[in-house]
Each structure stands twice: as C-alpha cells, then as structure tokens.
Amino acid sequence: MNAQLNTLCFLKIDVGASVSLAVFDSVKAGFPSPAGDFMDAQIDLVKLLVPRPSSTFLMRVSGDSMTGVGIFDRCIIVVDRSVKARDGHICVCYMDGEFTVKRIRKENGKWVLYAENPKYPKIVPDEESNFFVWGTVTYALNEIVK
C-alpha cells in the first residue's frame, strides 16, 4: 500500500440506539465561567452524528496523514455520502482499490488530495487512476484518555 494512504475500516452503526446526554450551553477553553453549573438541554448523540442513516458510515482510520486536523491513528470518522464534496472538504476517496481520507482541492478542474501532515506530499490522481470521492467526513471521534 502507498505509505501516504490511510487504511480505513468500516464499522457498523446501530441507528436504533439512542444515547441522550446532558449538554452544557458552552464550556470555556479559557477562564472558568460562573454559569458553568447550569445545563442547557439533552442531546441525542446518534441523531447528532448520524442525521441521515442510509448514507452515513463509520470508518476507523489507520495512519497519521491527517493529524493536523485532529484525525489520528485509530480515530473513528463519520462519513456522509449524501454531503456533496466541495473544495476544501475532508473526504474519503477511493483510489486504485484503496480508501484514503484527505483534504480535497479543485485544481485545474481536477481533484487533488492533500494530507494534513507535512511529511506527506499531495496526491494527484492521473487519467489512468481509478479515482472518485466516496463521501464527506462530518465528524472525527478521538479517544483522549486511555
């Protein structure tokens, strides 16, 4: 496998599940807020992450080419195939039999794939490549504490 491509593995989504958690209106990343003790509402994580179950997939990432945008090795990404890919989106692309996650840019009328890690060069699919944008990444889920 090309070293700059990520390995992606599909995960099953149980859309019948519902997980509602308390949500705070906001949490400051600077100084603590005296209003931090007040919860705003409840949020259903499945509805938030998977608004369109028939077109949404979970994939586990293997590799470090997207660390600059918080997509790390073993991260789970939420990919929605119904979201139209646009210049600058982070997408899952299929290229020559493999999936990869990259930022896509339109250059000279063609998609070019960019890693978010400076040690990887851009990928320019050529005329002979079996290439297409498979879906758009909507969320990245990372474990912070192990």
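## Leu45 and the surface patch

Leu45 has a relative accessible area of 30% and is partly exposed. The residue sits in helix α1. This is a predicted model, and the values below are computed from it.

Leu45 belongs to a nonpolar patch on the surface, together with Leu48, Tyr139 and Leu141. The accessible area of these four residues together is about 280 Å². Two elements, α1 (45-49) and β9, each supply at least two residues of the patch.

## Overall make-up

The chain contains one helix and nine strands. In sequence order the elements read β-β-β-α-β-β-β-β-β-β. The chain has 146 residues, and 35% of them count as buried.

Contacts between residues at least 6 apart in sequence can be split by separation: 61% of them join residues at least 24 apart. The accessible surface of the chain is about 9300 Å², with 55% of that area belonging to carbon and sulfur atoms.

## Pairing of strand β9

Strand β9 (residues 131-141) pairs with strand β5 (residues 76-80) in the antiparallel sense, over five bridges. Asp80 has Thr136 of β9 as its bridge partner.

Strand β6 (residues 90-95) is also joined to β9 by five bridges, and these two strands run antiparallel. Here Met95 has Phe131 of β9 as its bridge partner.

## Nonpolar cores

In soluble globular proteins, nonpolar side chains tend to be buried together. In this model the largest nonpolar core has 14 residues. Those with the most contacts inside this core are Met59, Ile71, Ile77, Val79, Val92, Val101 and Val137. The strands β4 (56-62), β5, β6, β7 (98-107) and β9 each supply at least two of its residues. The most comes from β6, which gives three residues.

A second, separate core has nine residues, including Cys93, Ile104, Trp111 and Phe131. Phe131 is thus listed in this second core and is also the β9 bridge partner of Met95.

## Salt bridges

The whole structure contains six salt bridges. One of them joins Asp64 to Lys119, with the closest N and O atoms 2.9 Å apart. Asp64 is in the loop between β4 and β5, whereas Lys119 is in the loop between β8 (110-114) and β9, so the pair links distant parts of the chain, 55 residues apart. Asp64 is partly exposed at a relative accessible area of 26%. Lys119 counts as exposed, because its relative accessibility of 54% is over the 50% cut-off.

Strand β7 contributes a residue to each of two further salt bridges. In the pair of Asp87 and Arg105, the N to O distance is 3.3 Å. Asp87 is in the loop between β5 and β6 and Arg105 is in β7, so the salt bridge ties together parts that are 18 residues apart in sequence. Both side chains belong to partly exposed residues: Asp87 has 45% relative accessibility, and Arg105 has a relative accessible area of 33%.

The other pair is Glu116 and Arg103, whose closest N and O atoms are 2.5 Å apart. Glu116 lies in the loop between β8 and β9 and Arg103 in strand β7, 13 residues apart. Is each partner buried or partly exposed? Glu116 is partly exposed, with a relative accessible area of 23%. Arg103 has a relative accessible area of 18% and is buried, because that value is under the 20% cut-off.

Methods:
Residues are numbered from 1 along each chain as its sequence is written. This is a predicted model: local features need pLDDT of at least 70, side-chain atom pairs count only at pLDDT 80 or more; totals for chains, interfaces and linings use all residues. Side-chain values use heavy atoms; hydrogens and water are left out. Two strands pair if DSSP finds at least two bridges between them. Helices (H or I, at least four residues) and strands (E, at least two) are DSSP runs, numbered from the N terminus. Patches are made of residues with over 30% relative accessible area and no salt bridge: like charges are joined within 9 Å, nonpolar side chains (Val, Leu, Ile, Met, Phe, Trp, Tyr) within 5 Å. Accessible areas come from the Shrake-Rupley method with a 1.4 Å probe; for residues, only the protein chains shown count as cover. A salt bridge is a side-chain nitrogen of Lys or Arg within 4 Å of a carboxyl oxygen of Asp or Glu. Buried means under 20% relative accessible area, exposed over 50%, partly exposed in between (1.4 Å probe, protein chains only). Contact means heavy atoms within 4.5 Å. A nonpolar core is a set of buried Ala, Val, Leu, Ile, Met, Phe, Trp, Tyr and Cys residues joined through side-chain atoms within 4.5 Å.
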